[in-house]
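Let's take a walk through a protein model together, one piece at a time. Keep the 3D view open so you can click along.

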Amino acid sequence: MASLTGKKVLLGITGGIAAYKTPDLVRKLKAKGADVRVVLTASAKEFVSPLALQAVSANPVSTDLLDPAAEAAMGHIELARWADIILIAPASANSIARLSAGLADDLLTTICLASQAELVIAPAMNQQMYNATATQHNLQTLRSRGVRQLGPAAGEQACGEVGPGRMPEPQELADALVLQSDVKALSGVCVMITAGPTQEALDPVRYLTNHSSGKMGYALAQAAAEAGAQVILVSGPVSLNAPDTCELRSVYSAEQMLDAVMQDISKVDIFIGCAAVSDYRPVASEAHKIKKTETDKLTLTLIKNPDILANVAALPAPPFTVGFAAETQKVKQYAQHKLAAKKLNMIAANDVSEKGIGFNSDSNALSVFWQKGETSLPVTDKLNLARQLVQLVAVKYKENKEK
Ligand code: PMT
């Protein structure tokens, strides 16, 4: 069982109502075997007591950059060198902006600048503040520097509004940190991912297709490879480069995609169907270009394509099977129906009626369902979302194996 045994975790707490959960977070991190030290910002002290954190962490709590007594004990440079992981939870909009700008005007930001530790942030704030362009830009900057983002979760907020911005629960944060610090979370695991659209030929020059760009599926392939998996990417026609570490199988039609999937499925542990597979294809592709005639109407006859995902889940020894659902209404109801009808382990639904989400966009948001639970992954860029989904799939895959 993966753990944080031997890991030195520096928990940075910034000012936000979710700070009241941090004594519990310290306990959960220690239960995983981590040695935890806590740094509080000035505003965090308004929400949670340093004494409580000292008691649960069994270590002195640091609060001030210019405190001679604290510097004489373990100074900011020593704390920066001590940590293997710096987890900032909750990370307020202000602290994210200051980290993004590279400020070093308090103890926590100074430690972050001076440390080579892995930096992980759990943003928590009002949903408008989270969605603000400035916050999203700052988060994007931090992620591009290799900072890992956990959450936020979506739901009812302390301010009464509903949306993304809640700090994930302490247990979820501790679990995610274990997986993130364990780069081999999917080591030895073979993951197959379908991506992109299919093209269903009408004649030698025309086809039926959809707006899938392949961005979501390719991001999943990268995230799974980062998590240590052997990745087979079965892709419809897209203009993206597959990650170097993936085995790429390029196809055009749904039937070709099914063949490519079935060719290797016996060695696959986790199957993720992210492709937008055409449900129907023309009964026949004409040998020659269909000519324009005098009549105003042209009737095409379509026939149902095989359902690749359902075929995989129906195998006698199926891999852990994860579907996607692209819906424009009743997202939860339709996704849960597909989960049951196709006998899947998990399904990730995107509401493609929302602007800037789903097909051919750089961002996405997912509601993920499994038999006994669900969670939502709020809007973010597709690679960040894919990393979160891959971590979740890894947890559920392992739970399923241990049954
Ligand atoms: O590629 P991008 O531009 O980044 O866009 C990403 C996306 C919107 C395409 C992706 O996030 C997504 O939602 N993919 C699934 C799209 C889809 O076809 O959804 P669906 O609800 O019609 O299908 C349900 C599931 O069955 C999907 O896992 C699909 O891959 C699978 N399916 C569907 C039909 C079929 N004949 N065979 C299948 O395997």
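Before we set off, remember that what you're looking at is a predicted model.

Let's begin with strand β1, which covers residues 8-13 and pairs with β2 in the parallel sense, over six bridges. If you'd like to see one of those bridges, find Lys8 and look across to its partner in β2, Asp35. Now zoom out a little. These two strands belong to an open sheet of five strands, with parallel pairing and the order β2-β1-β3-β4-β5. Which strands stand at the edges? They are β2 (35-40) and β5 (148-149), and each has a single partner strand, so one side of each is left without a neighbour in the sheet.

Does standing at an edge leave a residue of β2 buried or exposed? Let's try Arg37, which lies in strand β2. With a relative accessible area of 18%, Arg37 counts as buried, because the cut-off for that word is under 20%. Look at what surrounds Arg37: leaving aside neighbours within four places in sequence, its contacts include Val9, Leu10 and Leu11, along with Asn59, Pro60 and Trp82. You can also find Gln54, which is 17 residues away from Arg37 along the chain, while their C-alpha atoms are separated by 8.4 Å.

Next, some helices. Helix α5 (residues 93-101) lies across β3 (85-91) and β4 (118-123), and it runs at about 140° to β3. Then there's helix α6, residues 107-114. Six of its eight residues are buried, so α6 is largely enclosed by the rest of the structure. The buried ones are Leu107, Leu108, Thr109, Thr110, Ile111 and Cys112. What do they pack against? Strands β1, β2, β3 and β4, plus helices α4 (76-82) and α5.

Now for some empty space. Rolling a probe the size of a water molecule over the atoms shows where such space is left. In this structure there is one cavity of 30 Å³ or more, and the largest cavity holds about 30 Å³ of space. Its lining is made up of Thr14, Thr41, Ile88, Ser95, Arg98, Leu99, Asp106, Leu108 and Thr109. Helices α5 and α6 each supply at least two residues of that lining, and α5 gives the most, with three. By type, the lining divides into three nonpolar, four polar and two charged residues.

Stop for a moment at Thr41, one of those lining residues. You'll find Thr41 in the loop between β2 and α2 (50-57). It is buried, with a relative accessible area of 9%. Not counting residues up to four places away in sequence, Thr41 touches Ile13, Thr14, Gly15, Asp106 and Leu108.

There's another sheet to visit. This open sheet has eight strands with mixed pairing, in the order β12-β11-β8-β13-β16-β17-β18-β19. The edges here are β12 (247-250) and β19 (373-381), each with a single partner strand, so one side of each is left without a neighbour in the sheet. On average, neighbouring strands of this sheet are turned by 15° against each other, direction ignored. Helix α11 (residues 254-264) packs on the sheet, touching β8 (190-195), β11 (230-235), β12 and β13 (270-273), and its direction makes about 180° with that of β8.

For a last stop, follow β16 (residues 320-327) and β17 (residues 346-351), which run parallel and are joined by six bridges. To pick out one bridge, start at Val322 and find its partner in β17, Met346.

Methods. Residues numbered from 1 in each chain as written. Predicted model: local features only at pLDDT ≥ 70, side-chain atom pairs only at ≥ 80, totals over all residues. Heavy atoms only, no water. Pairing = 2+ DSSP bridges. Helix = DSSP H or I, 4+ residues; strand = E, 2+ residues; numbered from the N terminus. Contact = heavy atoms within 4.5 Å. Axes fitted to C-alpha atoms, helices over the stretch in contact; angles between N-to-C directions. Buried < 20%, exposed > 50% of the residue type's maximum accessible area, 1.4 Å probe, protein only. 1 Å grid on protein atoms, 1.4 Å probe; cavity = no way out; pocket = protein on both sides within 12 Å on 5 of 7 lines; lining within 4 Å. Points joined across faces, edges and corners; volume = space filled by probe spheres on them. Nonpolar A, V, L, I, M, F, W, Y, C, P; charged D, E, K, R; others polar.
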